[in-house]
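Here are my comments on the model you sent round, set out as numbered points. Please read them with the structure open beside the text.

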Amino acid sequence: MAESRLTGPVRVVGVGLLGASIGLGLRAKGIDVILADASPTHLAIAVDYGAGRAALPGDRPQLVVVCVPPDVTADVVAAELEAYPEAIVTDVASVKLAVYDDLAARGADLSRYIGTHPMAGRERGGPMSGRADLFVGRPWVVAAHGGMSYQDGSAIDDLILDLGATLVELTPEQHDRAVALVSHVPQVVSSLMARRLIDAPHSSVNLAGQGLRDITRVAASDPELWVQILGQNAAPVADILRGYRDDLDRFIDALDNMDAPGARRRIAEELFGGNTGVERLPGKHGVDHRYASLIVMVEDRPGQLARLFNDVGDAGANIEDLRLEHSPGAQVGLAEISVLPEVLERLTDELAARGWRIAG
């Protein structure tokens, strides 16, 4: 069992995806985890899955982690601060400034509270979706404020490091502006794009490829949760959406006047701006890197993906990223494999020699 930095116990309030995953990750380190949830059924499932134990009289947690919906986070944090006066309390809500301001207005003991936000998740929620490795290699923001000492805050740093995440320190304001750009606005854009599909003919929807699936993937998220998140971070999201609206207006104007001088140049510049922006996205392990890719045709029968992965490994290449595309009824799928540029030619030749068909 790997050595832990935390001593524990750690109390986790709310055993949905994040809470259950935190419990499972800490239990794997041998830490005593105390679970609490408003739903007895969720609590029982999380305990049965090994994420921790139910609370006992006299529990004295070192750290309390609040993992409840954003609209009740401040209420629960305030209650935990009062119930456990010796504990450090944090939360994992996706909006930080609103919670901090609410607690400050209540006169809560901010010397024992600091908000955090792990940038990790899955499309499915609930304790059964929890994974001990959910946070490994993922950024975990600590929304620092001046009211907590470095020594007291070290328990939160230990939590993040014990779960394998990468600690990122921002102010609550910086955090909310950042997630508005990289998470909240993409959710809105994805959902609005997916709404265009409601009345689309089946013949059009059936043509959808991986590009549309990529854009609309997060549109399947829980609307009730997102109403809460967007309500607490409305101003930064609205600011970015106004800029996005201006971009759309320029693009539409150019499309409406394709024969006007400079219209095609404007469209090209907007598209090139997208190229430039996407190059800034972090690649594998958080390092900016552009990979080369090849598309392999995979027959739609059991074991073919496993064989492809084995052949890539035998060729001495590492798969840096992978995308799969398979249209309903098609006898083959497409596997887009991203690798380091220096191995692309050798891997292409090796796979072709092993009988794989390379698209293009």
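**Notes on the predicted model**

1. The residues that line the second largest pocket divide into six nonpolar, four polar and two charged. This pocket encloses about 170 Å³ of space, in a model that, it should be said at once, is predicted. Its lining consists of Ile114, Val142, Ala144, His145, Met148, Ser149, Tyr150, Gly153, Ser154, Ile156, Asp157 and Glu169. Helix 5, residues 150–162, gives the most to this lining, with five residues.

2. How many cavities of 30 Å³ or more are there? The count comes to one, and the space in the largest cavity is about 30 Å³. Lys96, Tyr100, Tyr113, Gly115, Ala143, His145 and Pro172 line the largest cavity, and by class these are four nonpolar, two polar and one charged residues. His145 is named both in the lining of this cavity and in that of the second largest pocket.

3. For the chain as a whole, there are 13 helices and twelve strands, and the C-alpha trace spans about 70 × 55 × 40 Å along its principal axes. Of the 360 residues in the chain, 36% are buried. Among contacts between residues at least 6 apart in sequence, 70% join residues at least 24 apart.

4. Near the start of the numbering, the peptide bond from glycine 8 to proline 9 is cis, with omega near -5°, and proline 9 has its place in the segment before strand 1. Strand 1, residues 10–13, then pairs with strand 2, residues 33–36, in the parallel sense over four bridges, and valine 10 stands opposite valine 33 in strand 2.

5. These two strands belong to an open sheet of five, which has the order 3-2-1-4-5 and parallel pairing. Strand 3 (53–54) and strand 5 (88–91) stand at its edges, and because each has a single partner strand, one side of each is left without a neighbour in the sheet.

6. Strand 6, residues 115–118, deserves a look from both sides, since Gly115 and His117 on one face and Thr116 and Pro118 on the other are all buried, so that both faces are covered. In general, the side chains of a regular strand alternate between the two faces of the sheet. Strand 6 pairs with strand 7, residues 139–143, in the antiparallel sense over four bridges, and the bridge partner of threonine 116 in strand 7 is valine 142. Valine 142 also appears in the lining of the second largest pocket, while Gly115 is among the residues that line the largest cavity.

7. Towards the other end of the numbering, strand 11 has two antiparallel pairings to inspect: with strand 9 over eight bridges, and with strand 10 over five bridges. In the pairing with strand 9, the bridge partner of glutamate 299 is valine 332, and in the pairing with strand 10, the bridge partner of leucine 322 is isoleucine 337.

8. Is glutamate 320 buried or exposed? Its relative accessible area is 17%, and because buried here means under 20%, glutamate 320 counts as buried. Glutamate 320 lies in the loop between helix 12 and strand 10 (321–325). The C-alpha atoms of glutamate 320 and alanine 200, which are 120 residues apart along the chain, are separated by 35 Å.

9. Helix 13, residues 341–353, bends by about 25° at leucine 347, and Leu347 is also one of its buried residues, which are Val343, Leu347 and Leu351. An α-helix has 3.6 residues a turn, so residues three or four places apart point the same way. What covers the buried residues of helix 13 includes strand 9 (292–299), helix 12 (304–314), strand 11 (332–339) and strand 12 (357–358). After helix 13 comes glycine 355, whose phi is positive, near 95°.

Notes
Residues numbered from 1 in each chain as written. Predicted model: local features only at pLDDT ≥ 70, side-chain atom pairs only at ≥ 80, totals over all residues. Heavy atoms only, no water. Bend = angle between axes of the 7 residues up to and from the residue. Buried < 20%, exposed > 50% of the residue type's maximum accessible area, 1.4 Å probe, protein only. Contact = heavy atoms within 4.5 Å. Pairing = 2+ DSSP bridges. 1 Å grid on protein atoms, 1.4 Å probe; cavity = no way out; pocket = protein on both sides within 12 Å on 5 of 7 lines; lining within 4 Å. Points joined across faces, edges and corners; volume = space filled by probe spheres on them. Nonpolar A, V, L, I, M, F, W, Y, C, P; charged D, E, K, R; others polar.
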